[in-house]
Amino acid sequence: MLEVGRKGIYPADKVARLFKAGYASKYFDKLPDGQFQAKAVLRNMITFQRLNLIEHNWLLHKQFDAIFCRNVMIYFDRETQFGVLKRFVPLLKPEGLLFVGHSENFYFASEYFHLRGKTVYERVHKS
Ligand SMILES: C[S@@+](CC[C@H](N)C(=O)[O-])C[C@H]1O[C@@H](n2cnc3c(N)ncnc32)[C@H](O)[C@@H]1O
(Lines give C-alpha, C1' and ligand atoms only; values in the text may rest on other atoms or scores of the structure.)
Protein backbone atom coordinates (compact mmCIF):
# COMPACT_ATOMS: atom_id res chain seq x y z
CA MET A 1 0.00 0.00 0.00
CA LEU A 2 2.92 2.34 0.66
CA GLU A 3 4.12 1.75 -2.88
CA VAL A 4 0.63 2.38 -4.24
CA GLY A 5 0.59 5.66 -2.34
CA ARG A 6 4.04 6.67 -3.56
CA LYS A 7 3.10 6.06 -7.19
CA GLY A 8 0.07 8.36 -6.89
CA ILE A 9 -1.87 6.73 -9.72
CA TYR A 10 -5.64 7.15 -9.78
CA PRO A 11 -8.39 5.95 -12.13
CA ALA A 12 -9.91 8.71 -14.25
CA ASP A 13 -13.17 8.78 -12.26
CA LYS A 14 -11.26 9.59 -9.05
CA VAL A 15 -9.72 12.74 -10.53
CA ALA A 16 -12.75 13.79 -12.59
CA ARG A 17 -13.88 16.36 -10.03
CA LEU A 18 -10.47 18.06 -10.17
CA PHE A 19 -10.81 19.00 -13.85
CA LYS A 20 -13.29 21.79 -13.28
CA ALA A 21 -10.95 23.72 -11.01
CA GLY A 22 -8.03 23.10 -13.37
CA TYR A 23 -6.18 20.99 -10.83
CA ALA A 24 -6.16 17.76 -12.84
CA SER A 25 -4.12 19.21 -15.72
CA LYS A 26 -1.94 21.20 -13.34
CA TYR A 27 -1.05 18.39 -10.96
CA PHE A 28 -1.64 15.14 -12.85
CA ASP A 29 -0.23 13.47 -15.97
CA LYS A 30 -2.47 11.27 -18.07
CA LEU A 31 -0.93 7.82 -18.51
CA PRO A 32 -1.23 5.75 -21.72
CA ASP A 33 -3.69 3.41 -19.95
CA GLY A 34 -6.05 6.31 -19.22
CA GLN A 35 -5.21 6.60 -15.53
CA PHE A 36 -3.77 9.74 -13.96
CA GLN A 37 -0.55 10.08 -12.01
CA ALA A 38 0.22 12.91 -9.63
CA LYS A 39 3.14 14.96 -10.97
CA ALA A 40 6.51 14.57 -9.30
CA VAL A 41 6.28 18.07 -7.83
CA LEU A 42 3.26 16.87 -5.83
CA ARG A 43 4.57 13.38 -5.03
CA ASN A 44 7.85 14.81 -3.76
CA MET A 45 5.97 16.77 -1.12
CA ILE A 46 4.66 13.60 0.49
CA THR A 47 6.52 10.97 2.50
CA PHE A 48 4.95 7.56 2.90
CA GLN A 49 6.22 5.45 5.74
CA ARG A 50 4.99 2.61 7.89
CA LEU A 51 4.05 3.58 11.42
CA ASN A 52 2.60 1.24 14.02
CA LEU A 53 0.82 3.45 16.52
CA ILE A 54 1.23 1.00 19.36
CA GLU A 55 4.97 0.62 18.91
CA HIS A 56 7.24 3.24 20.41
CA ASN A 57 9.70 3.71 17.57
CA TRP A 58 7.95 6.47 15.65
CA LEU A 59 10.62 8.08 13.49
CA LEU A 60 8.94 11.46 13.39
CA HIS A 61 11.15 14.41 14.21
CA LYS A 62 9.10 17.40 13.21
CA GLN A 63 5.81 19.00 14.09
CA PHE A 64 2.77 18.81 11.87
CA ASP A 65 0.01 21.29 11.08
CA ALA A 66 -2.48 18.44 11.21
CA ILE A 67 -2.67 14.79 12.10
CA PHE A 68 -5.35 12.73 10.38
CA CYS A 69 -5.95 9.58 12.40
CA ARG A 70 -9.42 8.61 11.38
CA ASN A 71 -11.03 5.35 12.42
CA VAL A 72 -7.76 3.80 13.55
CA MET A 73 -7.91 4.09 17.33
CA ILE A 74 -11.30 2.37 17.29
CA TYR A 75 -9.29 -0.83 17.54
CA PHE A 76 -7.48 0.22 20.73
CA ASP A 77 -8.64 0.09 24.34
CA ARG A 78 -8.95 3.38 26.16
CA GLU A 79 -5.58 3.13 27.86
CA THR A 80 -3.84 2.61 24.53
CA GLN A 81 -5.81 5.47 22.96
CA PHE A 82 -4.78 7.72 25.83
CA GLY A 83 -1.13 6.82 25.34
CA VAL A 84 -1.26 7.47 21.59
CA LEU A 85 -3.02 10.82 22.10
CA LYS A 86 -0.38 11.85 24.63
CA ARG A 87 2.32 11.04 22.10
CA PHE A 88 0.54 13.06 19.40
CA VAL A 89 0.79 16.28 21.46
CA PRO A 90 4.49 17.10 20.85
CA LEU A 91 4.09 16.14 17.18
CA LEU A 92 1.52 18.87 16.57
CA LYS A 93 2.37 22.53 16.10
CA PRO A 94 0.83 24.75 18.79
CA GLU A 95 -2.12 25.58 16.51
CA GLY A 96 -2.17 22.10 14.98
CA LEU A 97 -5.33 20.07 14.63
CA LEU A 98 -6.12 16.41 15.12
CA PHE A 99 -8.76 14.96 12.79
CA VAL A 100 -10.49 11.76 13.90
CA GLY A 101 -13.40 9.65 12.72
CA HIS A 102 -17.07 10.51 13.17
CA SER A 103 -17.64 7.75 15.71
CA GLU A 104 -14.54 8.51 17.79
CA ASN A 105 -14.67 10.45 21.02
CA PHE A 106 -11.64 11.31 23.12
CA TYR A 107 -13.28 13.31 25.90
CA PHE A 108 -11.28 11.26 28.43
CA ALA A 109 -8.06 12.84 27.15
CA SER A 110 -9.24 16.43 27.69
CA GLU A 111 -5.95 17.25 29.39
CA TYR A 112 -4.33 16.88 25.97
CA PHE A 113 -7.04 17.73 23.42
CA HIS A 114 -10.11 19.95 23.30
CA LEU A 115 -12.91 19.25 20.87
CA ARG A 116 -12.78 22.16 18.42
CA GLY A 117 -15.56 21.04 16.09
CA LYS A 118 -17.12 17.89 14.80
CA THR A 119 -14.30 15.29 14.69
CA VAL A 120 -11.60 17.97 15.11
CA TYR A 121 -9.49 18.42 18.22
CA GLU A 122 -6.97 21.10 19.12
CA ARG A 123 -4.03 20.82 21.46
CA VAL A 124 -4.40 21.90 25.03
CA HIS A 125 -1.75 24.45 25.96
CA LYS A 126 -0.35 23.92 29.39
CA SER A 127 1.19 26.91 31.12
C1 LIG B 1 -11.05 1.37 9.38
S2 LIG B 1 -9.49 1.61 8.62
C3 LIG B 1 -9.48 3.36 8.48
C4 LIG B 1 -8.69 3.81 7.30
C5 LIG B 1 -8.71 5.33 7.03
N6 LIG B 1 -8.03 6.05 8.08
C7 LIG B 1 -10.12 5.83 6.89
O8 LIG B 1 -10.64 6.56 7.72
O9 LIG B 1 -10.72 5.48 5.86
C10 LIG B 1 -8.41 1.29 9.97
C11 LIG B 1 -6.95 1.44 9.64
O12 LIG B 1 -6.23 1.37 10.86
C13 LIG B 1 -4.97 0.80 10.59
N14 LIG B 1 -4.38 0.34 11.87
C15 LIG B 1 -4.85 -0.61 12.71
N16 LIG B 1 -4.02 -0.76 13.76
C17 LIG B 1 -2.98 0.12 13.57
C18 LIG B 1 -1.80 0.42 14.28
N19 LIG B 1 -1.48 -0.22 15.42
N20 LIG B 1 -0.97 1.39 13.81
C21 LIG B 1 -1.28 2.04 12.66
N22 LIG B 1 -2.39 1.78 11.92
C23 LIG B 1 -3.22 0.83 12.36
C24 LIG B 1 -5.33 -0.32 9.64
O25 LIG B 1 -4.19 -0.71 8.90
C26 LIG B 1 -6.39 0.33 8.76
O27 LIG B 1 -5.79 0.91 7.63
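**View A. Polar contacts of the ligand in the predicted model.** An oxygen atom of the ligand lies 3.2 Å from an N or O atom in the side chain of Asn 71. The side chain of Asn 52 places an N or O atom 2.8 Å from a nitrogen atom of the ligand. At Arg 70 the partner is a polar backbone atom, 2.8 Å from a ligand nitrogen atom. Taken on its own, the ligand has 590 Å² of accessible area, and the protein covers 49% of that area.

**View B. Residues around the ligand.** The shell includes Leu 51, Asn 52, Leu 53 and Ile 54. Arg 70, Asn 71, Val 72, Tyr 75 and Phe 76 are also among the residues around the ligand. Sorted by class, the shell holds 6 nonpolar, 2 polar and 1 charged residues. Asn 52 and Asn 71 belong to this shell; the side chain of Asn 52 faces a ligand nitrogen atom at 2.8 Å, and that of Asn 71 a ligand oxygen atom at 3.2 Å.

**View C. The largest pocket and its lining.** The largest pocket holds about 730 Å³ of space. Its lining consists of 25 residues. Nearest the centre of the pocket lie Thr 47, Gln 49, Leu 51, Leu 60 and Phe 64. Leu 51 is also one of the residues around the ligand. By class, 18 lining residues are nonpolar, 5 are polar and 2 are charged. Strand E4, residues 64-68, gives the most to this lining, with 5 residues.

**View D. Division of the protein into domains.** Domain 1 covers residues 2-43, and domain 2 covers residues 64-123. The C-alpha centres of domain 1 and domain 2 are 30 Å apart. Strand E4 spans residues 64-68, and domain 2 begins at residue 64.

Note on methods: Residues are numbered from 1 along each chain as its sequence is written. This is a predicted model: local features need pLDDT of at least 70, side-chain atom pairs count only at pLDDT 80 or more; totals for chains, interfaces and linings use all residues. Side-chain values use heavy atoms; hydrogens and water are left out. A residue is near a molecule or strand if one of its heavy atoms lies within 4 Å of it. A polar contact is a pair of N or O atoms within 3.5 Å; within protein, one must be able to donate a hydrogen and the other to accept it, and residues adjacent in sequence count only if both atoms are side-chain atoms. Accessible areas come from the Shrake-Rupley method with a 1.4 Å probe; for residues, only the protein chains shown count as cover. Ala, Val, Leu, Ile, Met, Phe, Trp, Tyr, Cys and Pro count as nonpolar, Asp, Glu, Lys and Arg as charged, and the others, Gly among them, as polar. On a 1 Å grid over the protein atoms alone, a cavity is a set of points where a 1.4 Å probe fits but cannot get out, and a pocket is an open set with protein on both sides within 12 Å along at least five of seven lines; lining residues have an atom within 4 Å of a point. Grid points are joined across faces, edges and corners, and a volume is the space filled by probe spheres set on the points. Helices (H or I, at least four residues) and strands (E, at least two) are DSSP runs, numbered from the N terminus. Domain bounds come from an automatic or database domain assignment.
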